[in-house]
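Here is a short, informal tour of one model. Have the sequence and the coordinates open as you read.

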Amino acid sequence: MKAVFLDGIVLGLQMGLLGVGLTLIYGLGGVLNLSHGQFAVLGAIVMARVLQHGASLWMAVPLGLLAAAAVAVLSDLTIMQPVYRLRGEARVLLGLLLMLGVGTIIDGYLEWKYPIEALNIRISGDPISIIGVPMRVGSLVASAIALAAGAALFVFLRYTTFGRATRSIIEDEEGARLCGINPALVRTLIFGLSGALAGLVAVSRAMTSPVISTAGVELTILALIVAVVGGLGSVSGAFVAGVLLGIVNTVSAFYIGTYITTIVLLAAAALTIVFRPAGILGRRA
Amino acid sequence: MAESAAMGSQSASGAATPHSPAAADPEALLRVESLSSGYLGEDVVLDVNLTVAAGEAVAVIGSNGAGKTTLLKTICGLIPTTAGETRFGSRRLTGLGAHRVARLGVAFVPAERHLFNTMSVEENLALGAYPHRPDPETLDSVFELFPRLGERRGQHAGTMSGGEQQMLAVGRALMSRPRLLILDEPTTGLAPVLASEAYATLGRLRGEGLTVLVAEQHVPLALSLADRAYVLDHGRVDLEGSSAELADNPEVRRAYLGIS
Ligand SMILES: Nc1ncnc2c1ncn2[C@@H]1O[C@H](COP(=O)(O)OP(=O)(O)OP(=O)(O)O)[C@@H](O)[C@H]1O
Ligand SMILES: [Mg+2]
């Protein structure tokens, strides 16, 4: 039981990081990025290709993150521009439809070009005992990456001028503009950051199980569930939701069966909307 | 209407009459020229001329729906201009986004405040200084002006009282060390005592040399602060003149001061 629980936390940290990227973009611009998982997979495949050419991880990972960030920034600067001119429901709908399109294109391209490609990162070393459970080094490094990224994001959002500006737009865009903050610029840069975070999720996930080229849709759905349970727009909420759902996921997979876990996660999201529409923490930011 | 002509109201063509301060002061800090703007293709601010000289306090008065808020938001770049232009010093504000207008030194305090509710007083003030780090001296001067804010640095803006939120909104605007402070109905939601206090504070800022443009429905308060005022009616400048002149104007007395 303890082992299942720890595995759940390992998965949950990755899910949290996945949800954070989605929630940031939604909070800033009302865009539900339904290609978030595909950004992650794109980064993973770039890393896998670079690794095959004999390059080291230190070379492959930055290139993969850069690729994911670049596609995200490009989406923001091109296809999202008409979306930002709309308001309210129209903006949300057009945004999610267009990003669904971007995701489909990435999926199609990867499936066509790299059907059997996968990113696998093996970290060698003997298992390390955590509260009496032997944990693989890969799982621990993966968790450390997710935790470090989460902590860095927290410090960035709370203590830096640019991070504060980002939160201020999520909270009140008009107020932010009156403070001299340019929402379009912040959106573009955070879109890029969110893409890089998606790539980082792929890195940490590849340390525990292979990231295959067709995993995009599944990751997007996971990101969406985590962000909804955390409360769309709430960064800390997404992280907490990710960890909780990771545990729920692993426990239900262990005791009931893998086939049921997606249903359980969707049910968790549905229940959150009914009972805590603002997310588990019940507040934004 | 004889009085209004004598005070230099705008002619139908929008050109200022020789008596108009707009013509008399080409060096004004803020110059609004034949400005029109509105919503969804329908203009509600029509051909407005207005100036604010450096160091001056100017009020825009008028009844509900006259277009005061629309005028101020257009100046600040929150609403697009459909005709005419706005100049600030040597810079053209028209066509710039609200964030660029703000960075040029025009701070706007909207009637709805637009504070960052789940952030602390201190964070709200820090954002006022964006893109710079908050200047400690400016922060001290804001806390000196509003000791209440100093006592509640850590409190979330959303949990503060209406009066405190008003102070925070003004304080946040001051953090950018603006050359022009524009306020829309700063007394919105304030009890009469607090409304007078808010105007006392504005008077103090004005005394320290800050240039102020304020839209206000509470006409006696507005005229007590302002050197000059414009009366807006259905989107047009109906009257303009010094506060003393307007306070004596029978039309103003009847319509806005409740005196016949
Ligand atoms: N967002 C909007 N969309 C469409 N019309 C609007 C909008 N905001 C204001 N108006 C209209 O523009 C006109 C001027 O409104 P505005 O808010 O500028 O007046 P105001 O002088 O500030 O009034 P008040 O004293 O009530 O604040 C009104 O007829 C109003 O109905
Ligand atoms: Mg108004």
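In which strand of chain B is the place of B:Ser34? B:Ser34 sits in strand 1 (residues 30-39) of chain B, with helices (H or I, at least four residues) and strands (E, at least two) taken as DSSP runs numbered from the N terminus.

Before going further, some ground rules. This is a predicted model, in which local features need pLDDT of at least 70, side-chain atom pairs count only at pLDDT 80 or more, and totals for chains, interfaces and linings use all residues. Residues are numbered from 1 along each chain as its sequence is written, chains are lettered from A and ligands numbered from 1 in the order in which they are written, and side-chain values use heavy atoms, with hydrogens and water left out.

**Backbone oddities**

Back to B:Ser34: its phi is positive, about 45 degrees, although it is not a glycine. Chain B also has a cis peptide bond, from B:Tyr130 to B:Pro131, with omega near 5 degrees. B:Pro131 lies in the loop between helix 5 (121-128) and helix 6 (136-145) of chain B. Both are worth a look, because most residues other than glycine have a negative phi, and most peptide bonds are trans.

**Where the chains meet**

Chain A puts 22 residues into the contact and chain B 23, contact being heavy atoms within 4.5 Å. Together they bury about 2100 Å², 57% of it on carbon and sulfur atoms; that is accessible area (1.4 Å probe) lost on being put together, summed over both. The rule finds three salt bridges across the interface (a side-chain nitrogen of Lys or Arg within 4 Å of a carboxyl oxygen of Asp or Glu). One of them joins B:Glu123 to A:Arg167, with the closest N and O atoms 3.0 Å apart. On the chain A side, helix 7 gives the largest share, seven residues.

**Around ligand 1**

The shell around ligand 1 (residues with a heavy atom within 4 Å) includes B:Val44, B:Lys68 and B:Glu185. Its largest share, three residues, comes from helix 3 (residues 68-75) of chain B. Here are polar contacts of the ligand, that is, pairs of N or O atoms within 3.5 Å:

| Ligand 1 atom | Partner | Distance |
|---|---|---|
| nitrogen | B:Tyr39, side-chain N or O | 3.4 Å |
| oxygen | B:Asn64, side-chain N or O | 2.7 Å |
| oxygen | B:Gly67, polar backbone atom | 2.9 Å |

The protein covers 57% of the 630 Å² of accessible area that ligand 1 has on its own, by the Shrake-Rupley method with a 1.4 Å probe.

Methods: Buried area is the accessible area (1.4 Å probe) that two parts lose on being put together, summed over both. A polar contact is a pair of N or O atoms within 3.5 Å; within protein, one must be able to donate a hydrogen and the other to accept it, and residues adjacent in sequence count only if both atoms are side-chain atoms.
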